[in-house]
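Thanks for making time, everyone. I'll walk you through one structure today, so let's put it up on the screen.

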Amino acid sequence: MSGQKKEFPITWGMVIDIDKCTGCGACMASCQTENNVEPQREASNKLRATSWMLVYELTNDKAFPNHDIAYLPRPCQQCGNPPCVSVCPVIATDKNENGGIVSQVYPRCIGCRYCVAACPYHVRYFGWYDPIWPEGMDKTLSPMTSVRPRGVVEKCTFCHHRWTQAKDAARVAGKDPENLDDGAYVTSCVQNCPSGALAFGDIKNPKHKVHELVKSPYAFRLLERLGTETQVYYISRREWVRKLGDNYLKSE
Amino acid sequence: MEEKRSNSAGGVGGMALFALIGFVGALVVGWGIFPKMLYSQKTQPIRFSHTVHSQLGIECEQCHHLGPDGRFAGLPSTESCAECHGEETGDTSANGKEIDKFVKDYVKTGRQVPWLVYQYQPDNVFFSHAAHKGFECTKCHLDVAKTDTPPPYYENRLSGYSKDTMKMWECERCHASMGTSNACFVCHK
């Protein structure tokens, strides 16, 4: 049923401290190599370029000396009630696995782009071109993520393959793969953030750091009033940044 | 009228005959000719005898093992084979010649053997050997330990996949019967 939040015993979540983000773009670069996003032929064309993780620049629109800026990294928000899933006519995207990561199966996708239109966070990208790696750069290809052909939609998967790897490592070490230690599974962007602005873990597991972080009075989610119940939280001690997280009326 | 009736009576027998010929022909095409057309047959680059090695007391896990991080190591490298087969034997028996071929073509040149893996899965599938450790290998794999000559490898001419690659419905059926999730990302990447 649409309009109902899906609950799972594990809820993988990301907490992004906007005040710590310097806008360096290491998350974007590491995401691109980790997930076999092809080198963009024209990255300045935002209607055609693909970037699973994207850093936005925010400004408070005030003149000096009150001018202030902030950077907002935006992965897939992994909604608890994903608008993209309910519109997919072929079940190429679904939220049905423990952990709550919204899946995307490329061979099943027919490229209708309903999900692109439905996503309020613009996290979904359509492949406009055949992916081409210039000679030599094909050595950066990772076997852990499949390459998408032209004509299908792709998006951030919270580096799902890293979870399966972490579970395998736990199995071999004789640990419980369903109860991973904090830090056993982190996404590529979280691992590579030099300023420590990103944190990742199971929001429902009290042993994980993010469990506490989401309770911060400065924590908020993007477009919360849509009822998407996202699994990505943002933290900012600046009120104007928090206000940009949703569409507020002047009177609010 | 009379003539017509006798004609139609003979027609029924003739029709049955033609139907039978057509039926048998369809069976021959469907069971014999079409599968041969669909799959091309390939042989392994080296006639590796699993029987000889298992009779020497080598366990499967000695060559096909899980890494310390839980990843499946897959097939042994030329280097690990060369620990035993480092030099040409000069043996003129069939097995000896095959060993010499391996040493000459791969150990001396430092190349890896392009083994054909019967169960190779498509690019977008993640299979965890660590998660399936409780099962017998032969539940999914050919029982190669009993083969002196590796069985032929059948490649689907359209998809390029092996005929023995496990199909998605087989994975799903076992997952359903074991009570394991069949969510997309459990196996897909």
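Look at residues 12-34 of chain B: the span is 100% helix and 0% strand, and its end C-alpha atoms lie 31 Å apart. This is a predicted model, by the way, so keep that in mind throughout. For that same stretch, residues 12-34 of chain B, UniProt gives the feature "transmembrane region", and the entry is an unreviewed one.

Staying with chain B, go along to helix α6, residues 168-178. How many of its 11 residues are buried? The number is 0, so this helix lies largely in the open. Right after α6(B) comes B:Gly179, and its phi is positive, near 75 degrees.

Okay, over to chain A. Its secondary structure comes to 7 helices and 10 strands. The C-alpha trace spans about 50 × 45 × 40 Å along its principal axes. For 252 residues, a compact globule would have a radius of gyration near 18 Å, and chain A has 18 Å, so the two agree. Of those 252 residues, 38% count as buried. And if you take the contacts in chain A with a separation of 6 or more, 63% of them are between residues 24 or more positions apart.

Now the sheet I wanted to show you. Four strands of chain A make an open sheet with mixed pairing, in the order β8-β1-β10-β9. Which strands stand at the edges? Those are β8 (198-202) and β9 (219-220), each with a single partner strand, so one side of each has no neighbour in the sheet. β9(A) runs antiparallel to β10 (residues 232-235), and 2 bridges join them. There you can find A:Phe220 standing opposite A:Tyr234 of β10(A).

On the other edge strand, β8 of chain A, have a look at A:Gly201. Is A:Gly201 buried or exposed? It has 27 C-beta neighbours inside 10 Å, so it counts as buried. Leaving out residues up to four places away in sequence, A:Gly201 touches A:Gly13, A:Asp182, A:His208, A:Lys209 and A:Val210. A:Ala184 is 17 residues from A:Gly201 in sequence, and their C-alpha atoms are 8.8 Å apart.

Last stop, where the chains meet. Here 20 residues of chain A are in contact with 18 residues of chain B. On the chain A side, helix α4 (residues 160-172) gives the largest share, 8 residues. That side of chain A divides into 7 nonpolar, 9 polar and 4 charged residues.

That's my tour, so over to you.

Definitions and conventions. Residues numbered from 1 in each chain as written. Chains lettered and ligands numbered in written order. Predicted model: local features only at pLDDT ≥ 70, side-chain atom pairs only at ≥ 80, totals over all residues. Contact = placed C-beta atoms within 7 Å. Nonpolar A, V, L, I, M, F, W, Y, C, P; charged D, E, K, R; others polar. Pairing = 2+ DSSP bridges. UniProt positions renumbered as here; feature names shortened; annotations may be inferred. Buried ≥ 20, exposed ≤ 12 C-beta atoms within 10 Å, placed from the backbone. Rg over C-alpha atoms; globule rule 2.2 N^0.38 Å.
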